[in-house]
Amino acid sequence: MTSPITSLTVNYTPKAVKKIAIWAGALLLFVALLIILPPLKSVMSSLVIALFVTMLLNPVVDFFENRGIDRLLAVVLVLMVIVFLMVLGVKFFAPVVSHEIEQMSAGLQNQSPEEMTLKFQERLGKAVPLLRNPLIQAKTKEQLDALLQKSLSLIVQLFSAVMDMVMLGFITFFFLKDGRRMKKAVVRWVPNRYFEMALIILHKTERQLGKYLRGQLLVAIIVGAMSVAALYLLHIRYYFFIGTMAGLANMIPYFGPVVGAVPAMIIALMDYGSFGPVTAVAVAFASIQLFENIFISPFIVSRSVELHPLTVIIVILIGGQLLDIFGMLLAVPVASILKVSVKELYWGFKNYRIFA
Amino acid sequence: MLSKNETNNNSPLKFRIGDALWRNVFRKDSSQKESIFSILKKVPLFKGMSKPEINEFDKIIHRRKYKENETIFYEGEPGVGMYIVQEGAIAIYKNTGELEKEELAKLSAGEFFGELALLDESPRSASAIALEDTRILGLFRPDLLDLIDRKPRLGNKFLFQLAMLIGERLKHTNEELQTLWSKFEDSKVIT
């Protein structure tokens, strides 16, 4: 009698064994990545940010190369100009910002977060009588305490981010200088059957994403400048700091504008104790948003990477869970990479008859 | 006992390992680079280009290896760029029926194909298959466009050669068409 095992034996050809080995290898690599990646979260985010900065700066380096300057020299030149601009920015704007931060930290030192919350509650109670209810007051206090603690940890995070800047500059330098060679080295490992498809997908993704990121940055600069101007005209304290943050936060769809407006509205309420200035700030931010959505974004930001609002909200929440504020900032561009890649992969599979 | 030469080669071992690593990982083999230069120099599209100019193309050229009977691209697929045979042989064929195909050309080292795909993404008009284990060099549209952006003078030189090549072919096709037309006219007169 033959054993059941013998009857189940499959005749493995060398080709089949090779295929199984490749799949097993890919599975192992995936599991290894799942284990390795979480501890390397900060390195990964540095790499992703450097990649985005490279996409922003690449056309500038190409422009200099186009004018006959050697690429290495062009990269050094561009990075030096950026460092110079940053130094210039620090020299001119730091007194304003540091004065604002000093004022803020002095305010924090003079009053404990609890005291600040109480003061704010008092003002809020005066403005909205309904909020004098002890139950609502207790709940508001709890929420405000948590918000304040979070904003303090955010400042610490921002400082550590500044520390990472040098590292970021270093990685960006090599991405700008050797990016082409790196891309070539990556494509080299793609099997012959998928090679042309991989090349075209990589190119299209890079082009669309670069356009989208450059557009987003330009919009952020315009919104930031408009916010600073509006807050200055409305005599809101820390106008420069909050306006700049509003510009940056604008890169996070839906949440960004709220994140930008709320601190300004809280400060207006704390300083003036009435809803008049708060409404003025809200109207100013709403007008800026309206102006941005109607006149700026449609002309600047590429429409090809538009995501569904629900997708945007979900990816921002996931990004926030994984990498806090940086995760929220990176969520949409990363989701855009995935969307463009999937779209191009679909196009590639359809046109290159991979499954035919 | 080791000869003087061997002693020199073996010590210091650390340096030799480092050197080999440097050569293998970070630098291309100079002999390979030289052979690519000599191949590209013979291709009409790179005619009149200096060594540094050809080296610029070398930076964007992809080296691929194909086994015997492996397809390089299929007819109808979007074209991405051109290939130059470095070593081995390639057959270009066109599907004439469901299972029939007609061989259009056989290409060996130094010859090139698919250059029209450098201009647009239109579908490939024929398929290419390796007749033996083959090494080919690929130059693709995204990289060429990027080169034109960065080094317009060099890009123009290449595009000019490409335009000349296409012009030559057009002239040749016109001549063939004329010959065929006169044969057709003659046959009409006879009948």
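Trainee: Which residues does Gln161(B) touch, not counting residues up to four places away in sequence?

Mentor: This is a predicted model, so keep that in mind throughout. Gln161(B) touches Pro44(B), Leu45(B) and Lys47(B), with residues up to four places away in sequence left out. Gln161(B) itself lies in helix α6 of chain B, residues 152-190.

Trainee: How far apart are Gln161(B) and Phe46(B), in sequence and in space?

Mentor: They are 115 residues apart in sequence. In space, their C-alpha atoms are 7.3 Å apart.

Trainee: Does a count tell me how exposed Gln161(B) is, and what is that count?

Mentor: Count the C-beta neighbours inside 10 Å. A residue is buried at 20 or more and exposed at 12 or fewer. Gln161(B) has 17, so it counts as partly exposed.

Trainee: Next, the backbone. What sign does phi usually have?

Mentor: Most residues other than glycine have a negative phi. Now look at two residues here. Phi of His235(A) is near 55°, a positive value, and the residue is not glycine. Asn69(B), also not a glycine, has a positive phi of about 70°.

Trainee: Where are His235(A) and Asn69(B) found?

Mentor: His235(A) is in the loop between α7 and α8 (239-249) of chain A. Asn69(B) is in the loop between β1 (62-66) and β2 (71-73) of chain B.

Trainee: Why does His235(A) count as exposed, and why does Asn69(B)?

Mentor: Use the neighbour count again. His235(A) counts as exposed because it has 12 C-beta neighbours inside 10 Å. Asn69(B) counts as exposed because it has 10.

Trainee: How do I read a sheet? What is the strand order in the open sheet of four strands in chain B?

Mentor: Strands of a sheet pair through backbone hydrogen bonds, either parallel or antiparallel. In chain B, the order is β2-β7-β4-β5, with antiparallel pairing. β2 and β5 (101-108) stand at the edges with a single partner strand each, so one side of each has no neighbour in the sheet. Neighbouring strands are turned by 30° against each other on average, direction ignored.

Trainee: Over how many bridges do β4 and β5(B) pair?

Mentor: Strand β4 of chain B, residues 89-95, pairs with β5(B) over seven bridges, in the antiparallel sense. One pair to find: Ile92(B) has Ala105(B), in β5(B), as its bridge partner.

Trainee: Last, the two chains. How many residues does each bring to the contact?

Mentor: Chain A gives 14 residues and chain B gives 14 residues. On the chain A side, α3 (41-66), α6 (134-188) and α7 (192-233) each supply at least two. α7(A) gives the most, with six residues. By class, this side of chain A has five nonpolar, four polar and five charged residues.

Notes. Residues numbered from 1 in each chain as written. Chains lettered and ligands numbered in written order. Predicted model: local features only at pLDDT ≥ 70, side-chain atom pairs only at ≥ 80, totals over all residues. Contact = placed C-beta atoms within 7 Å. Nonpolar A, V, L, I, M, F, W, Y, C, P; charged D, E, K, R; others polar. Pairing = 2+ DSSP bridges. Axes fitted to C-alpha atoms, helices over the stretch in contact; angles between N-to-C directions.
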